[in-house]
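Hi,

Here is the structure I promised to pass on. Please open it alongside this email, and my notes follow below.

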Amino acid sequence: MDASLFTSMLFATVVAGTPLIIVALGLLVNEKAGVLNLGAEGMMAMGAVAAFAVTHHSGNPWLGVLAGMGAGMAMALLFGVLTLTLMANQVASGLALAIFGVGLAAFVGKPYEAVALQAVPPIRIPFIADLPLIGEALYNQQALVYFSWALFWSLLWFLHRSRAGLVLRAVGEAPSSAHAIGYPVIRIRYLAVLFGGAMAGIGGAFLSVFYTPMWAEGLVAGRGWIALALVVFATWRPLRVMVGAYLFGGVMITQLFIQGSGLQIDFPSQLLSSLPYWATIVVLVAISRNANTIRLNSPVSLGKPYRPDA
Amino acid sequence: MLELEARAEPSRLMSFLSPLLAVVLMLAGGMLVFAALGKDPVEGFRIFFLNPVKDLYGLSELLLKATPLMLCAIGLAIGFRANVWNIGAEGQFMLGAVAATGVALHFEGSESALLLPAMIVAGAAGGAAWASIPALLRTRFNANEILVSLMLVYVAQLLVSWLVFGPWKDPDGFNFPQTKMFGDAALMPVVLEDTRLHLGFPIALAVLVAGYAFMNRSYAGFRMRVAGEAPDAARYAGFSAHRMIWIGLLLGGAAAGLAGMGEVAGPMGQLTDKVGSGYGFAAIIVAFVGRLNAFGILLASLLMALLYIGGEQAQQYLNLPSAISMVFQGMLLFFLLGSDVFINYRLRLRRRAA
């Protein structure tokens, strides 16, 4: 493989992995607080469409990202009201959010389907971007790529080094104990759910404003679900989320590069395109086959409703 | 100040009323949506909810749309009752369509009366086979069936699009992504003259009855209910969790596959890349709104079908995207999930302490 091909594949892998990192880290915080929100796909779709619309009208992609974040949070709030205040089943509510979000995004986004946005230029970090092979790929990237790294480091610190992170984990592991020593379990869960929604919205915004500067129905294409699978794959650890996301990014990109390479291979493009989905399944199987890893690592109260005065 | 107070036991009355409440709230929400979009709410209501069912043809179209929803939902409900979360009915639906199309294309030109039954069997088997993947991975490797069955929806869509763009493309189809039209012997006979309502509808009704009998009258169905409501009791009684996962997924897959077969051999008459039109996902809503029981699913599938057709009407007469159907469907499920709180809790007015 020649050097420029390596650089461009690495570049594309990082880009493809970035929305997965942002969304999956958001979901990780959700799940650490004991809340399972399966609605990521819907929150991403709404984030994508809101970001696209606002960027299109304002010409400012950053306002777009903010709008995407807001849309994701609004969807998450809906989920929070259902599951935290009204104690609805988390699985059913999450599925509802996924179906609803994808539908609402298709509805809202209809007028924008034929519109294209201007590509947002990458941000070049001085000096290290000049490194051979990896410099151009890693340090001449979209701002949200750097954001995903910052998010990773902050979460690592937050979850394992800060008091607030400890409280968050306590709420996910033993909500009644956390309540007994005076922590507002429901309020903390709301914050975690809103954070998850914000990240899903930003992930969606990345897709429609930075990755492919356009909106089309089906743009999210299962990335929300893949992000959910990533959290399981990562056994609720941020570092493994990063590794997993780039792995998936790599699979997506390899498949695109093979299709675009003009190599005369006797393999239909549609079947190549299904590779990331198969990869998700294979990885899920590989990680789940040891039931103990999952049981020991998943937050104990994940998916269970909690009511303080019951 | 309003407060929620736990009931001593779940209210049976509320579990009947809550779907009705959800429908009423959805209608009210729908009027607000129309108003927000600058349409006359009354006019919108008339076009969306009444126009589709004003004559016999409209009603037959409603039943036609309800058919796949009913089939997918009853299959899903069996699994959901045992906490087997098959979310991939959409993919199983497509594989049913693919398998049935395979039979139809292989025996092209055949006029045998056995062709249609063979397609029905193939459709159900195709759906069940696709559902067996998450079942196998769940029972053997503990892999989450929600995520696996969902990933397989995307795979199924790509498989269909490969078939209709590639090996199964109609050579005389002007390069459209579709197969040849099926011959008469491979098409579902119409059961109501001058409409498109086909044999799939009575079949779906029969499957509903069978689903009811399985869930409420059979020992296997009883075990699945216990497993869903009291997992510990089921484990203590020695009910095999693996067997329930297999039953839930295979029955769900077979029913969804049958629905897919009914679409290609019914209104479509061929396989196209648009075959999966969201019925598998909408059926999740149908199953919940129908309270996971057969009669409820019958009503809920009619309601959901109305939302689909209403969306088409809204597109035609109100100039709104037909995706508005999904907005209404989502609202319906949210309102249902929300109003279900009253099954276990009652609202109480409590005075603030002075």
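Below are some notes on the chain interface and on the cavity search.

This is a predicted model: local features need pLDDT of at least 70 and side-chain atom pairs count only at pLDDT 80 or more, while totals for chains, interfaces and linings use all residues. Residues are numbered from 1 along each chain as its sequence is written, chains are lettered from A and ligands numbered from 1 in the order in which they are written, and side-chain values use heavy atoms, with hydrogens and water left out.

First, the interface. Contact (heavy atoms within 4.5 Å) joins 39 residues of chain B to 45 residues of chain A. The two chains bury about 3700 Å² between them, with 85% of that from carbon and sulfur atoms; buried area is the accessible area (1.4 Å probe) lost on putting two parts together, summed over both. On the chain B side, B:Leu147, B:Met151 and B:Phe334 lose the most area to chain A, together 18% of what that side buries.

The rule finds zero salt bridges across this interface (a side-chain nitrogen of Lys or Arg within 4 Å of a carboxyl oxygen of Asp or Glu). By class, the side of chain B that touches chain A has 35 nonpolar, four polar and no charged residues. Here Ala, Val, Leu, Ile, Met, Phe, Trp, Tyr, Cys and Pro count as nonpolar, Asp, Glu, Lys and Arg as charged, and the others, Gly among them, as polar.

Now the cavity. On a 1 Å grid over the protein atoms alone, a cavity is a set of points where a 1.4 Å probe fits but cannot get out, and lining residues have an atom within 4 Å of a point. The whole structure has one cavity of 30 Å³ or more, and the largest holds about 60 Å³ of space, a volume being the space filled by probe spheres set on the points, which are joined across faces, edges and corners. Its lining includes B:His198 and B:Glu263, and divides into seven nonpolar, four polar and one charged residues.

Best wishes

Definitions and conventions: On a 1 Å grid over the protein atoms alone, a cavity is a set of points where a 1.4 Å probe fits but cannot get out, and a pocket is an open set with protein on both sides within 12 Å along at least five of seven lines; lining residues have an atom within 4 Å of a point.
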